[in-house]
Amino acid sequence: MPAVGYLVVFLAVPLLLLFAFGLVDIRDGRLVPGSWTLEHYARVLGDPFYYRIFVRTFWMGFGATVLCLIFGYPVAYLFTRVGTAARQVLLVLILAPLLTNAVVRTFGWMIILGGPKGLLNAVLLRLGLVEEPLKILYTMSGVLIGMTQIQLPFMILPIIAALEGQDRSLHEAAAGLGATWAQTFFHVVVPLSLPGVLSGSALVFVISYTSFVIPALLGGGSFGVIPTFIFEQISALVQWNSGAVLASLLMGTAIVMLLLFNRASARLLRWTR
Amino acid sequence: MKQGVIVVLCLGLLAIAVGMPLTRVSGQSGEIVMISYAGPSQEPHRFYLVEPFERARPGMKVRLVPDEAGEYVARVQAAVAAGRPSPVDLAPNGEPPHLRLIGLGLLERTNTDLVPNLKNVHQAFIEKGQGYGVPATYSLIGIAYNTKKVSKPPTSWKDLWDPAYRGKVGLTSASSNLGLGFLVATAKNNGGDEGNLDPAWQAIKQLAPFVIAPNPTALAQLFEREEIVIGPLWSTEAAVLASKGLPIKFVKPQPGAIAIVSFLSVIKGTQYMQQAHELLNGVLSVEYQTKAAAKPYFFGPTNVKVPVPQEAAEYIPTSLAEVRRLQTVNWPVVVPRRAAIVDRWNREFAR
């Protein structure tokens, strides 16, 4: 009960206020009394520019989710197959990204990805794999590289949980019936780990879709996504109305996508019931 | 029933939250909060303004908060609208945000009786402040370039358009003073003016592909990473990069670098009127202005009694003739249209 009260006061009320800020006129930091209007929402929703920015924001979240899955699943699988000592090492490695602040880690990525002197370009040039330094910083690729590394734990941990819960005798049964390793993996291990994959994906998508620090630092001034626009509207321009509308729409779209995702997941997971 | 209880509880708490005059912790501990720059540019504030002030007034503390994007404005605005004391007491602002804050009613008028050092300040600078704040320093927007990558030193703003630098030019978003100043100067250098920025949009489009940093600090990082080799930059940022040993040089390009005055102002709702004015006086003192104009900061002095040191000649105009060549921007025309300009910038370049 105290937890509910806490959530109501510090989460629900501010969110409602945020939503409401998009429905009234705010001039010079003050509400204009009785100025209820849908104009601010209409302006943003009717603007193809914002539509494009929302699409880019979606691809950023989606791309990070897919990459986290590709890189995370093997790590999670490996984790369940090794001994205790190796597990401890792996766990530290998996959690390492969470031990430093996202801003610090992102600055690290700037040094690795940035410019011809950057570590990545230096290595590629030295190996003769590229002739000209690649332009990665301030592109979608740069943002996705940084994002994937930072969100990986949120994908790996739920998958580990799902893999750990599997009954090993099922794998043995499959092998005993003549299934190869690959057959067992794709027909037994992967389907049984779907709940972990799906919850990990939902987590990574929502965090990436609404991420501010990484696109701001690795995407730069020409990589506009909704979170960076919200920051600019409220901080640099003090346009509370537009900021509130964009923030509400960002949250609203995230919730809608989560609901759709949940519904699709429920279908995929019907067999678990 | 249960839901009803929660709704009532929620409304009650909201009423308390709105009605409660939140007393500020710092108000009781004698702490002044002053916005400052990030990185080494903050040092003049710390060493030559805050420390002497704290020594003279035991018990008073000044907390410097780095903020280059004006993030504090939204917080001050929220506090003032709610009738609470401002979370910030003093802030330096370039001309564009200075005018914007006057318009928003977030600055306190300067009580000139409490700032005797004002008598030594260039009258033209004081007038730009419109009665608010004090003109603390000025900086130039010119061209910074990497001396190892740029063989022919730029002399004119037009040199940015040299095809040799395609893809290596760095600009800053128009949401920063740097980006906005460059935009207006580009308009003026191409036949437009503050009221007609169209020539600037055309000219900047021809610079493509270029790199856009969200703020001047990020632009400086791009210089450091050699992601860019040339671009418009603050004289002070260029000086800091050069002092770190990077091969960065600053030029005041033809037909003139852009001078932007930075005003230190008392923020509306401060509880330290008297002390804040002492800091305004301190920032105009010969001691502060001399140190801030020296290596490696090179902030232009507004106090007529402070000579520009020879080592600063690259970053600050030293002669009257050079001062006359500086470009200024008629900010009162530009500032009211700032949100629209940033919107256009995003639509053109952040798609």
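Trainee: Which residues is B:I230 in contact with, leaving aside its neighbours within four places in sequence?

Mentor: In this predicted model, the partners are B:I143, B:Y145, B:V150, B:P154, B:L160, B:Y165, B:K168 and B:V169. They are called contacts because two residues count as such if their C-beta atoms, placed from the backbone, lie within 7 Å.

Trainee: What makes B:I230 a member of a nonpolar core?

Mentor: A core takes buried residues of listed types, Ile among them, joined through C-beta atoms within 7 Å. B:I230 belongs to the largest nonpolar core, which has 163 residues, so B:I230 counts as buried, with 20 or more other C-beta atoms within 10 Å of its own. B:L90, B:V134, B:I230, B:A238 and B:V283 touch the most other members.

Trainee: Which helix gives the largest share of this core?

Mentor: Helix α7 (residues 140-164) of chain A does, with 14 residues. The core also draws at least three residues from each of domain 1 and domain 2 of chain B.

Trainee: How do you know where these two domains of chain B run?

Mentor: The domain assignment gives 25-138 + 260-321 for domain 1 and 139-259 + 330-349 for domain 2. Their C-alpha centres lie 25 Å apart, and their contact takes 23 residues from domain 1 and 22 residues from domain 2.

Trainee: What gives the most to the side of domain 1 that touches domain 2 in chain B?

Mentor: α5(B) does, with 4 residues.

Trainee: How many residues of each class does that side have?

Mentor: There are 13 nonpolar, 6 polar and 4 charged residues on that side of domain 1 of chain B.

Notes. Residues numbered from 1 in each chain as written. Chains lettered and ligands numbered in written order. Predicted model: local features only at pLDDT ≥ 70, side-chain atom pairs only at ≥ 80, totals over all residues. Buried ≥ 20, exposed ≤ 12 C-beta atoms within 10 Å, placed from the backbone. Helix = DSSP H or I, 4+ residues; strand = E, 2+ residues; numbered from the N terminus. Domains from an automatic or database assignment. Nonpolar A, V, L, I, M, F, W, Y, C, P; charged D, E, K, R; others polar.
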